[in-house]
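Here is a short tour of one sheet and one helix, written for reading alongside the model. Have the viewer open as you go.

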Amino acid sequence: SVASEPFTLRGFDPTSVLSSPSSSSSTSASYAASHQEVALLVGFPGSGKSVFAHRNLVPAGYEWVNRDSLKDMGKCKSACAAALARGKSVVVDNTNPSAR
C-alpha cells in the first residue's frame with residue numbers, strides 16, 4: 001500500500017468562481033490571456049469543456065479546435081498551427097486523456 005497525501009490546490013481555486021454571486025455575469029475577458037496562448041481543455045465527455053470554451057474563450061477571440069468537429073487529430077494540429085500563424089490564440093477542446 002502506498003501512502004498518499006491529501007491534494008491541496010495552490011493558487012487559483014475554481015470553487016471561488018463557482019460560488020461567487022457574479023459568476024453568472026462573468027465576461028470572457030476575465031479568462032482571456034493578454035498574449036497569444038494555447039488553452040488545452042481536459043476533462044471527461046460531458047464535463048463542460050465546450051460550454052466553457054464557447055462562453056469564455058471564443059468570444060474573446062480564441063480559435064476553437066475540436067476533434068469531434070474536425071474528425072482527425074492531424075486536422076486539429078493543422079488548424080491549431082494555422083491559427084497560431086495568424087497570431088490568434090487557440091482553445092483545444094478535446095477529451096485529451098493523454099499527453100500525446
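The notes below cover the sheet and then helix α4.

This is a predicted model, in which local features need pLDDT of at least 70, side-chain atom pairs count only at pLDDT 80 or more, and totals for chains, interfaces and linings use all residues. Residues are numbered from 1 along each chain as its sequence is written, and side-chain values use heavy atoms, with hydrogens and water left out.

**The sheet**

- Three strands (DSSP runs of E, at least two residues, numbered from the N terminus) make an open, parallel sheet in the order β1-β3-β2.
- β1 (38-41) and β2 (63-65) are the edge strands, each pairing on one side only.
- Strands count as paired if DSSP finds at least two bridges between them; β2 and β3 (residues 90-93) have three, in the parallel sense.
- E63 has V90 in β3 as its bridge partner.

**Helix α4**

- Helices are DSSP runs of H or I, at least four residues.
- D72 caps the N-terminal end of α4, with a side-chain oxygen 2.8 Å from the backbone nitrogen of G74.
- C76, C80 and A83 of α4 are buried (under 20% relative accessible area, 1.4 Å probe, protein chains only).
- These residues cover an arc of only 65° around the axis, which puts them on the same side of α4; the arc is that of the directions from the helix axis to the C-beta atoms.
- On the other side of α4, K77 and A85 are exposed (over 50%).
- The buried residues of α4 pack against β1, β2, α3 (67-70) and β3, where contact means heavy atoms within 4.5 Å.
- After α4 comes G87, with a positive phi near 85°.

Note on methods: A polar contact is a pair of N or O atoms within 3.5 Å; within protein, one must be able to donate a hydrogen and the other to accept it, and residues adjacent in sequence count only if both atoms are side-chain atoms.
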